[in-house]
Amino acid sequence: PYGPWLDALRGQSQLLSLLQPDTAHRARDLLMDPVVHWLESQSPMLLLLDDLQWFDEASLSLLHYACRVIDRGGIRWAASLRQGEAEQQPVLREFLRGLRRALRLREMVLDPLPLSDIEQLVEWASDSRPGASATPDLPGRCGGNPLFALELAHSGGQALNSCVQER
């Protein structure tokens, strides 16, 4: 548990010691307030959280608590998750529902990147990543997803599943 928080708080040994599994489950309340106080002490700050669908229940619980109790003034949050993932994960769905109820959530749906932007991204990747190149069908194969476009460009024509399995 607390994987994303362990990464974000690296170097904060006192806080990290609270996140160890043996103490985190016994002292949940003792953990949350020190993390919130530390976050507040870092103000102003923008906290970027990617792929909420991969957060474990304990991490979402801590994030929910922090979002509710931290005054909006000095800390801004931005998070991403794949469209449709919340419906499949009850814990994530409840997390988002709680933020909506508290009026602490502004949602934006991002459309797939247009073909011209995918081509520009892959052209950039060709210069910065040896072996990356665009194939004529790449824009259609990636569905406008920039990560998929980069992986496919780097794959040398492999299927997306093969690219992912290699990683």
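Arg-100 is partly exposed, having a relative accessible area of 39%, and this residue makes a convenient place to enter the structure, which is a predicted model. The side chain of Arg-100 meets that of Glu-107 in a salt bridge, with 2.8 Å from N to O. Side chains of opposite charge can pair in this way when their charged atoms come close. The count of salt bridges comes to two, and the other pair to look at is Glu-94 with Arg-97, whose side chains meet at 2.5 Å, again from N to O. Both residues belong to helix H7, which covers residues 90-101, and because they are three residues apart in that helix, about one helical turn separates them. An α-helix has 3.6 residues a turn, so residues three or four places apart point the same way. Glu-94 counts as partly exposed, at 39% relative accessibility, and Arg-97 also counts as partly exposed, at 36%.

Stepping back to the whole chain, one finds 11 helices and two strands. Read from the N terminus, the elements follow the order α-α-α-α-β-α-β-α-α-α-α-α-α. The chain has 167 residues, of which 31% count as buried, while its exposed surface comes to about 10800 Å², with carbon and sulfur atoms supplying 53% of that area. Among the contacts in the chain with a separation of 6 or more, 58% are made by residues 24 or more positions apart.

From the surface we can turn to the interior. In soluble globular proteins, nonpolar side chains tend to be buried together. The largest nonpolar core here has 26 residues, and the members that touch the most others are Trp-5, Val-35, Leu-39, Leu-52, Leu-63, Leu-92 and Phe-95. Two or more residues of this core come from each of helix H4 (28-41), strand S1 (45-49), helix H5 (57-69) and H7.

Two of these core residues show how distant parts of the sequence are brought into contact. Leu-39 has its place in helix H4 and counts as buried, because its relative accessibility is 1%, where buried means under 20%. Residues up to four places away in sequence aside, Leu-39 touches Trp-5, Met-45, Leu-47, Ala-66, Ile-70, Ile-75 and Trp-77. One of these partners, Ile-70, is 31 residues from Leu-39 in sequence, yet the C-alpha atoms of the two lie 8.6 Å apart in space. Leu-52, with its neighbours within four places likewise left aside, is in contact with Leu-60, Leu-63, Ala-79, Ser-80, Leu-81, Leu-92 and Phe-95.

Helix H5 deserves a closer look, since its 13 residues should span 18 Å at 1.5 Å a residue, and its end C-alpha atoms are indeed 18 Å apart. The buried residues of H5 are Ala-58, Ser-59, Leu-60, Leu-62, Leu-63, His-64, Tyr-65, Ala-66 and Cys-67. At the N-terminal end of H5, Asp-56 acts as a cap, with a side-chain oxygen 3.1 Å from the backbone nitrogen of Ala-58.

A comparable arrangement appears later in the chain, at helix H10 (residues 146-155). Here Asn-145 caps the N-terminal end, placing a side-chain oxygen 2.9 Å from the backbone nitrogen of Leu-147. Within H10, the buried residues are Ala-149, Leu-150, Glu-151, Leu-152, Ala-153 and Ser-155.

Technical notes: Residues are numbered from 1 along each chain as its sequence is written. This is a predicted model: local features need pLDDT of at least 70, side-chain atom pairs count only at pLDDT 80 or more; totals for chains, interfaces and linings use all residues. Side-chain values use heavy atoms; hydrogens and water are left out. Buried means under 20% relative accessible area, exposed over 50%, partly exposed in between (1.4 Å probe, protein chains only). Helices (H or I, at least four residues) and strands (E, at least two) are DSSP runs, numbered from the N terminus. A polar contact is a pair of N or O atoms within 3.5 Å; within protein, one must be able to donate a hydrogen and the other to accept it, and residues adjacent in sequence count only if both atoms are side-chain atoms. A salt bridge is a side-chain nitrogen of Lys or Arg within 4 Å of a carboxyl oxygen of Asp or Glu. Contact means heavy atoms within 4.5 Å. Accessible areas come from the Shrake-Rupley method with a 1.4 Å probe; for residues, only the protein chains shown count as cover. A nonpolar core is a set of buried Ala, Val, Leu, Ile, Met, Phe, Trp, Tyr and Cys residues joined through side-chain atoms within 4.5 Å. The expected span of a helix is 1.5 Å times one less than its number of residues.
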